[in-house]
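Thanks for making time, everyone. Have the sequence and the model open while I talk.

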Amino acid sequence: MRRKRGFFWNIVLVVLVMFLAAELFLPRLASRQLAEILRRETEQIESLKIAVSSFPAPEILLGRLDFVEIKAAGVIVEGLYLDSLSVEYRDIILRGHSFTGDNTFLEILVKEERLNQYIQTKYPELKDFKLVLLPGQVLLGGVINFLEATINLQLTGRLFITEQAEVEFIPENLQVEDVQIPVNLIRKYVNQPGFSFDLKELAIPLRIDRIEVSTGELRIIGEKSR
């Protein structure tokens, strides 16, 4: 009888040890897999922290995760430098080189300096322009050569979010310095230049609700009641 009891408790101990090992090891394994996905889809990530939780942990072997939190800094995607990226998911399905999940929180910080670097690289026609971010306002000012004259102009506009997770600047007003040329003619020539950047190139689920513009920076926000 004592031998049977001893054998039973040995089995219980082995099962308990295996369960605890799974709770410690499997989330780390899933974190590494998620990190590989992010690094594959970006040009650079300076720092990356991923927290994974799932109970019971063995469901991770089936590609199912209860909660994932990703915090990154210095992320470059399609030439745009993201100063910080914070995103949370629930009910994740992890499959090979991709994953799906319920995006419950998102915050991306991009500073004015980074946006100007991106614009000058991606939009050669705007190389003589500079973007200025102010609370609730986006300004794009620069010079153009028009009819052998150099003209200073300033475009004010807003940032919009498309259904494809693309952020697009659309000019709304055009101000031109005092010149003897009809503004409407200049407007046709300029064709109200804008720019955009595409976050779907991150290849992760993103739910964007709004864009907040403040002095020198913008934040891309996605929130969902939990």
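I will go through the sheet, then the core, then a few residues with unusual settings. One caution before that: this is a predicted model.

Let's start with the sheet. It is open and has 6 strands, in the order E1-E2-E3-E4-E11-E10, with antiparallel pairing. Which strands are at the edges? E1 and E10, residues 210–214, each pair on one side only. On average, neighbouring strands in this sheet are turned by 20° against each other, direction ignored.

A helix sits against that sheet. H2 packs on the sheet and touches E3, E4 and E11, the last being residues 217–223. The direction of H2 makes about 100° with that of E4.

Now the pairings, one at a time. E3 covers residues 80–95 and E4 covers residues 98–111. The two run antiparallel, joined by 10 bridges. One pair to click on: Tyr 89 has Asn 103 in E4 as its bridge partner.

Move on to E4 and E11. These also run antiparallel, with 7 bridges between them. Here Val 110 is bridged to Leu 218 of E11.

Then E10 and E11. That antiparallel pair has 5 bridges. Glu 212 finds its bridge partner in E11, namely Arg 219. E10 and E11 form a hairpin with 2 residues between the strands. In that hairpin, Gly 216 takes a positive phi near 80°.

Why is E11 described as largely enclosed by the rest of the structure? Because 5 of its 7 residues are buried.

Next, the core. In soluble globular proteins, nonpolar side chains tend to be buried together. In this model, the largest nonpolar core has 59 residues. Which members touch the most others? Ile 50, Leu 65, Val 68, Tyr 89, Leu 159, Leu 218 and Ile 220. By element, E3 gives the most to this core, with 7 residues.

Two names there came up already. Leu 218 is the bridge partner of Val 110. Tyr 89 is the one bridged to Asn 103. Leaving out residues up to four places away in sequence, Tyr 89 touches a long list, including Asp 66, Phe 67, Val 68 and Ile 70. Also among its contacts are Phe 99, Gly 101, Ile 204, Pro 205 and Leu 206.

Another buried aromatic is Phe 195. Its place is in strand E9, residues 195–198. Phe 195 counts as buried because its relative accessibility is 3%, under the 20% cut-off. Phe 195 and Ile 119 are 76 residues apart in sequence, but 7.2 Å apart in space, C-alpha to C-alpha. Beyond four places in sequence, the contacts of Phe 195 include Ile 119, Tyr 123, Leu 131 and Leu 159. Val 167, Glu 168 and Phe 169 are among them too.

Now for the charges. Two glutamates deserve a look.

Take Glu 112, in helix H2, residues 112–122. Glu 112 is buried yet has no salt bridge. Which side chain of opposite charge is nearest? Lys 130, and it is 5.0 Å away. A salt bridge here needs 4 Å or less, so that distance does not qualify. Setting aside residues up to four places away in sequence, Glu 112 touches Leu 131, Val 132, Leu 133, Gly 216 and Glu 217. Gly 216 is the hairpin residue with the positive phi.

The other is Glu 59. It lies in the loop between E1, residues 44–53, and E2, residues 64–77. Glu 59 is also buried without a salt bridge, and Arg 64, the nearest side chain of opposite charge, is 5.9 Å away. Neighbours within four places aside, Glu 59 is in contact with Ser 54, Arg 64 and Asp 66.

That loop holds another item. Pro 56 lies between E1 and E2 as well. The peptide bond from Phe 55 to Pro 56 is cis, with omega near -5°.

Last, backbone angles. Glu 78 is not a glycine, yet has a positive phi of about 55°. Its place is in the loop between E2 and E3. Glu 78 is partly exposed, at 38% relative accessible area.

Asp 91, not a glycine either, has a positive phi of about 55°. Where does Asp 91 lie? In strand E3. Asp 91 counts as exposed, with 57% relative accessibility.

Key: Residues are numbered from 1 along each chain as its sequence is written. This is a predicted model: local features need pLDDT of at least 70, side-chain atom pairs count only at pLDDT 80 or more; totals for chains, interfaces and linings use all residues. Side-chain values use heavy atoms; hydrogens and water are left out. Helices (H or I, at least four residues) and strands (E, at least two) are DSSP runs, numbered from the N terminus. Buried means under 20% relative accessible area, exposed over 50%, partly exposed in between (1.4 Å probe, protein chains only). Lys and Arg count as positive and Asp and Glu as negative; His and the chain ends are not counted. Contact means heavy atoms within 4.5 Å. Two strands pair if DSSP finds at least two bridges between them. Axes are lines fitted to C-alpha atoms, for helices over the stretch in contact, and angles run from 0 to 180 degrees between N-to-C directions. A nonpolar core is a set of buried Ala, Val, Leu, Ile, Met, Phe, Trp, Tyr and Cys residues joined through side-chain atoms within 4.5 Å.
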